[in-house]
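Reader: I am new to this structure and would like a close look at a single part of it. Please take the part slowly, and then show me how the rest may be read in the light of it.

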Amino acid sequence: MFESNTTVIIIFVAVAVVLVAVLSLLRQHSVVQAGVANRLRTLALENADYTIFIGIPVTAPAEWDTVTEVTDSTLYLQDGNAIPYSRVRAFAVAYTNGQLIDAELRGLPLPSGTSGLSPSRKTDDDILEADDLVIGRNYIRITYGACPAHPNSPDHYATTLTNISNEPIRVERFAGYTKTKAGWRLFTVTNSFFSAEEFQEWYGLRNRAWIMPGKSVTDPNNYGARPVLWAYYCRSESGKRFIVGEALE
């Protein structure tokens, strides 16, 4: 009888351990899924110009479908199907030029027509020192804030440029820089400057090239390991050229 009771207790304990492990995994999955849904919802509502893809069928994504309409709670596909954010497992969000903003691929390839940033054939070597950035502070103010889609990531952040001058300013090229003994050295995924067209796309200027006096533009999805300095080669409407930059430690 004693051995029988002992066996029952052992089985009971083993079952309890398994149940605790299963519940823990379910909770972890729930947290991860909630994070995916919140990230996608933030991006979907951030900018109406973004192109959004979700993996279908949502329970086991095998291909991409394009979102045609978004609301606060729901994504609508080309065939009219309504998908709550909470059901989405795989997604990709891109700018109108096809460059990827964020994605949860779940084993799928990138959607057709999209691409991530990769090293370019041309390599730019540029080093900046504090004196190079003095004049630019009379024209542009740079501030950093939390990235709405990745609010807990120190390497994701929103970057805002405000025109504090009395004339329109345009960014002709820009890049992220890493701190070295020689100064701030250009350090980007592409190993080169980003273009004026990319600035307009990422900072929500659409087809406008100029930042008007008193106006601000923001890239809500900027990223790069700290310490980092983002610097912008600019030109004023009157023809004045300058560099403006701000470090994020």
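Author: Strands β1 and β2 form a hairpin, with 6 residues between them. Before going further, please keep in mind that this is a predicted model, in which local features need pLDDT of at least 70 and side-chain atom pairs count only at pLDDT 80 or more, while totals for chains, interfaces and linings use all residues. Residues are numbered from 1 along each chain as its sequence is written, and side-chain values use heavy atoms, with hydrogens and water left out.

Within the hairpin, β1 covers residues 51-56 and β2 covers residues 63-70, and the two pair in the antiparallel sense over 4 bridges; strands here are DSSP runs (E, at least two residues), as helices are (H or I, at least four residues), and both are numbered from the N terminus. Two strands are said to pair if DSSP finds at least two bridges between them. Strands of a sheet pair through backbone hydrogen bonds, either parallel or antiparallel. To find your place in this hairpin, look for F53, which stands opposite T66 in β2.

From β2 the chain goes on into another hairpin, which joins β2 to β3 through 3 residues. Strand β3 consists of residues 74-77 and pairs with β2 in the antiparallel sense over 3 bridges, and here E69 has Y76 of β3 as its bridge partner.

These strands belong to an open sheet of 6 strands, whose order is β4-β3-β2-β1-β5-β6 and whose pairing is antiparallel. At its edges lie β4 (82-84) and β6 (100-104), each of which pairs on one side only. From one strand to the next the twist averages 30 degrees, where the axes are lines fitted to C-alpha atoms and angles between N-to-C directions run from 0 to 180 degrees. Towards the β6 edge, strand β5 (residues 91-94) runs antiparallel to β6 and is joined to β6 by 4 bridges, with A94 finding its bridge partner in L100 of β6.

The loop between β2 and β3 also has a link through side chains, since R41 and D72 meet there in a salt bridge with 2.2 Å from N to O, a salt bridge being a side-chain nitrogen of Lys or Arg within 4 Å of a carboxyl oxygen of Asp or Glu. Because R41 lies in helix α1 (residues 2-46) and D72 in the loop between β2 and β3, the pair ties together parts that are 31 residues apart in sequence. R41 has a relative accessible area of 30% and is therefore partly exposed (buried means under 20% relative accessible area, exposed over 50%, and partly exposed in between, with a 1.4 Å probe and protein chains only).

In the whole structure, a search finds 10 salt bridges. Among them is the one between E172 and R241, whose closest N and O atoms are 3.2 Å apart; E172 lies in strand β10 (residues 169-180) and R241 in strand β15 (residues 241-248), so this pair ties together parts that are 69 residues apart in sequence. E172 counts as partly exposed at 28% relative accessibility, and R241 counts as exposed at 54%. Salt bridges that share partners also join R39, D102, E104 and R106 into one network.

Elsewhere there is an open sheet of 3 strands, with the order β8-β9-β13 and antiparallel pairing. Its edge strands are β8 (140-146) and β13 (216-223), each pairing on one side only, and neighbouring strands of this sheet are turned by 20 degrees against each other on average, direction ignored. Strand β9 (residues 156-163) pairs with β13 in the antiparallel sense over 6 bridges, and Y157 stands opposite N222 in β13.

Strand β9 also holds N163, which is buried, with a relative accessible area of 2%. The side chain of N163 reaches the backbone oxygen of I211 at 2.8 Å, and the backbone oxygen of E167 lies 2.9 Å from a polar atom of that side chain of N163. Leaving aside neighbours within four places in sequence, N163 is in contact (heavy atoms within 4.5 Å) with several residues, including Y139, I140, P168 and I211.

Note on methods: Polar contact = N/O pair within 3.5 Å; in protein donor to acceptor, adjacent residues only side chain to side chain.
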